[in-house]
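Student: I should like to learn how to read the features of a structural model. May we go through one together?

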Amino acid sequence: MYLDFFGLAELPFRLTPDTRFFYESRGHAKALSYMQYGLHKGEGFVVVTGDIGAGKTLLADTIMAQLGPRSVSVLSMTQLDPPELIRMIGRGFGIAASGIERSDGLLRLAERTAELGRNGGPPLILIDEAQNLPLASLEELRMLSNLRNGPAALLQVLLVGQPSLRSLLARPELEQLMQRVVAMCHLQPLGAAETGDYIRHRLAAAGWHGDPLIDEEVFALIHREARGVPRRINTLMDRLLLLGYLERRHTIDRDMAEAMAAELREEGLGPPPPALREVDR
C-alpha cells in the first residue's frame, strides 16, 4: 500500500528472509566469519544459535550463496527419528529413498555424497530449527559425519537453532558429537546504533531516497521496543510505514512511533514492552 506513496521499489521489511537485505552487523559479521572458517574445513559440525527472530535463517542463506558448486541438503522439519532423517537428507541430495531399509539408505547416501563431493567439496547437510531434533537423530548425524573417502569427510553438517540447541548439545550423551564441532557461534541482538543502520540499510535496498524522513529519536524507540531483534524491528517498521501512508505523512517522528508501538501491543501483534531500557552498546 505504501510503496508508491514513498517511492519504494519493494517492501523493505518483509519477514521472509531475503539475502539482498542482509545487514552485516558486528555480531552477524563475526558469525559469518565463524561459519566461513568452519565450512572451509569441510568436516564435522558447524553450529549457529540465536534467539527467535535474530536472523539465523538469513545468515544461513547468505553463507549458502557463497558455497559455489557445493551440494546442500536442507531440512527445516526436524522432529524426525533416525530413519526419517536419513530419508529426508537423501531426498535433498536427489536420492529416492522411500520404502528402503536404513542400511540401504546409508549405503546410497555414502555413494551419492562421494559422487557429489568430486565437484566442489563435501556435500553439506543444513538443519534449521535443530533444537527440535531427538537425541537419537543427533547421534545419527554424528555417525554420518564419520563417513569418509580416504582421509576426506564425505559430508559436513550445519546446525542452526535457538539457544536451547547449545544446552542440548552439552548433554553428556552427545559428548562425542561436541568433539566434532569445528565452529560454534551465537547471534546477539543489534545494538542501538546498529538498529538505526539496519533500518536505513533495508530501506536503501528497497529503493529509499529519503522519503519518508525518519527522526533520529525513532530509531532509539524502535531499538527499545524491539530489543534489537531484527524480526521485531521489521514488524514495527512495516507498521510504521503503513501508518505514515494512512496519515499521508512524509516525516515519521517519535509521537507516531510511540502510537504505533502502543497500538500493536493492544492488538497483541507487537513485541512485549521491554522491562528495562537497553543502553547503547
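Student: In this predicted model, which residues of H2 meet which residues in H3?

Tutor: To read a helix contact, one lists the residues on each side. From H2 come His 28, Ala 31, Leu 32, Met 35, Gln 36 and Leu 39, and they meet Leu 59, Ala 60, Thr 62, Ile 63 and Met 64 of H3. Sorted by class, this contact holds 8 nonpolar and 3 polar residues, with no charged ones.

Student: At what angle do the axes of H2 and H3 cross?

Tutor: The axes of H2, residues 26-41, and H3, residues 56-64, cross at roughly 45° and come within 11 Å. Angles under 35 degrees count as roughly parallel and those from 65 to 115 as roughly perpendicular; H2 and H3 are therefore oblique to each other. The crossing of H2 past H3 is right-handed.

Student: How should I read the pair H10 and H11, and which residues meet there?

Tutor: The same steps apply. Val 218, Ile 222, Glu 225 and Ala 226 of H10 are in contact with Arg 232, Ile 233, Leu 236, Met 237 and Leu 240 of H11. By class, the residues of this contact are 7 nonpolar, no polar and 2 charged.

Student: Where do the axes of H10 and H11 stand in distance and angle?

Tutor: H10 spans residues 216-226, and its axis comes within 9 Å of that of H11, crossing at roughly 130°. Only angles over 145 degrees count as roughly antiparallel, and H10 and H11 are therefore oblique to each other. H10 passes H11 in a right-handed crossing.

Student: Let us turn to the backbone. Is the peptide bond from Asp 211 to Pro 212 cis or trans?

Tutor: One reads this from the angle omega. The bond from Asp 211 to Pro 212 has omega near 10° and is cis. Pro 212 is found in the loop between helix H9 (192-205) and strand E8 (213-214).

Student: What is the sign of phi at Glu 129?

Tutor: Phi is another backbone angle to inspect. For Glu 129, a residue other than glycine, phi is positive, near 55°. Glu 129 sits in the loop between strand E3 (124-127) and helix H6 (135-144).

Student: Is Glu 129 buried, partly exposed or exposed?

Tutor: Buried means under 20% relative accessible area and exposed means over 50%. Glu 129 has 28% relative accessibility, so Glu 129 counts as partly exposed.

Student: What is phi at Arg 248, and where does Arg 248 lie?

Tutor: Arg 248, also a residue other than glycine, has a positive phi near 55°. Its place is the loop between helix H11 (230-246) and strand E9 (251-252).

Methods. Residues numbered from 1 in each chain as written. Predicted model: local features only at pLDDT ≥ 70, side-chain atom pairs only at ≥ 80, totals over all residues. Heavy atoms only, no water. Axes fitted to C-alpha atoms, helices over the stretch in contact; angles between N-to-C directions. Helix = DSSP H or I, 4+ residues; strand = E, 2+ residues; numbered from the N terminus. Left-handed = near helix turned anticlockwise from the far one by under 90°. Contact = heavy atoms within 4.5 Å. Nonpolar A, V, L, I, M, F, W, Y, C, P; charged D, E, K, R; others polar. Buried < 20%, exposed > 50% of the residue type's maximum accessible area, 1.4 Å probe, protein only.
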